[in-house]
Amino acid sequence: MDIIHLTYPEQPVEDPAVIALGFFDGVHLGHQRVLQTAIEKSRELHLPVAVMTFDPHPKQVLGNGTEQILYITPLDRKLEKMAQLGIDRVYVIEFTVAFSELSPQDFVDHYLIAAGARHIVAGFDYSYGRFGAGKMATLDFHSRGRFGHTIVSEHQADDEKVSSTRIRRLLADGAVAEAALLLGEPYQTKGIVIHGDARGRQIGFPTANIRPEFTYVIPKLGVYATFVHLEDGRKFPAMTNIGRRPTFYETGEVSIETHLLAFDEDLYGQELKLEWMAYLRDEQAFDGIESLKNQLAQDKIHAMQALTV
């Protein structure tokens, strides 16, 4: 898959294709429906299929700085998923203030027509141009007759729209298994193993303290059944805690600590990928080390049960 990065006023080189439009955070089932529609149209027209997306999120650039923008998928994972689906080319436009000020017609002229779009595919709620003034209903006018377009209707699961907002809400509730159904795969995060206070090892449950590499949406505090992928490709079942460790600290910082089951190797400095499979329980404070150890033993059993196919 070809990846073309553009920063306004750079324009793409004309290369005829069917182009799907969207930010695609998560590349969830709703997004996949848009992409699959574009792939089908490209086969019909005997053209490559491309995606035009943006990075970073518009709110990160245009916001007032008080809201931290959290992502379901970083750009590299988004591109991986698109490649797996069969996309031939992706245009990644750096979202800047200058780019945001393009009129709808200028966006179409300088990016879609310039890229050689022969057909555009996007969701029903896609907007473009300054203040999102361009809508799918106006695309026929702005196209200057150079391309056709297909509007993909709302995709639902359990009578509710599949959306990045819905997935973020599920993750905030700890509902990682439900989020996976909408993503089409388990929720994933990556991070580097850093030094912690080694309390887990002292009580017989050594943990890797993981510092996320990216501004991910982090599931709510609690204990989860996860799979951990090591840099060398090995995969291990694990139980992972997101929390403040209230048994030891009254106001500790939130940390992510994972205990790999049947594993005892040094992981410091490694990049780990976590797949969040099931929520096990809330984080809680215990009245002593023995109570904590007994609960962790139970968590280990429950994690294995949740991870056994």
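The questions and answers below concern a predicted model, its sheet and some of its helix contacts.

Reader: In what order do the 6 strands of the open sheet run, and which are the edge strands?
Author: The sheet is open and its pairing is parallel. Two strands, β1 (2–7) and β8 (148–152), each pair on one side only, and these are the edge strands. Between one strand and the next the twist averages 20 degrees. The order, with the edge strands β1 and β8 at its ends, is β1-β4-β3-β2-β5-β8.

Reader: Over how many bridges do β1 and β4 pair, and which residue in β4 stands opposite D2?
Author: Strand β4 covers residues 89–94, and its pairing with β1 is in the parallel sense, over 6 bridges. The residue in β4 that stands opposite D2 is R89.

Reader: Which helix packs on the sheet, touching β1, β2, β3, β4 and β5?
Author: The strands touched include β2 (17–21), β3 (49–55) and β5 (117–123), and the direction of the helix makes about 145 degrees with that of β3. The helix spans residues 104–115 and is α5.

Reader: Are α7 and α8 roughly parallel or roughly antiparallel to each other?
Author: Two packed helices are described by the angle between their axes and the distance between the axes. For α7 (residues 164–172) and α8 (residues 176–183) the axes lie 8 Å apart and the angle is about 160 degrees, while the crossing is left-handed. Because angles over 145 degrees count as roughly antiparallel, the two helices are roughly antiparallel.

Reader: How many nonpolar, polar and charged residues does the contact of α7 with α8 have?
Author: On the α7 side the contact is made by R166, I167, L170 and L171, which meet V176, E178, A179, L182 and L183 in α8. R166 and E178 are among these residues, and Arg and Glu count as charged. By class the contact has 7 nonpolar, no polar and 2 charged residues.

Reader: Is R166 buried or exposed?
Author: R166 is found in helix α7. Leaving aside residues up to four places away in sequence, R166 touches A157, D158, E160, K161 and L182. Its relative accessible area is 8%, and since under 20% means buried, R166 is buried.

Reader: How far apart in space are S163 and L29, C-alpha to C-alpha?
Author: S163 lies in the loop between β10 (160–161) and α7, and at 16% relative accessibility S163 counts as buried. In sequence S163 and L29 are 134 residues apart, whereas in space, C-alpha to C-alpha, the separation is 8.5 Å.

Definitions and conventions
Residues numbered from 1 in each chain as written. Predicted model: local features only at pLDDT ≥ 70, side-chain atom pairs only at ≥ 80, totals over all residues. Heavy atoms only, no water. Axes fitted to C-alpha atoms, helices over the stretch in contact; angles between N-to-C directions. Helix = DSSP H or I, 4+ residues; strand = E, 2+ residues; numbered from the N terminus. Parallel < 35°, antiparallel > 145°, perpendicular 65-115°, else oblique. Left-handed = near helix turned anticlockwise from the far one by under 90°. Contact = heavy atoms within 4.5 Å. Pairing = 2+ DSSP bridges. Buried < 20%, exposed > 50% of the residue type's maximum accessible area, 1.4 Å probe, protein only.
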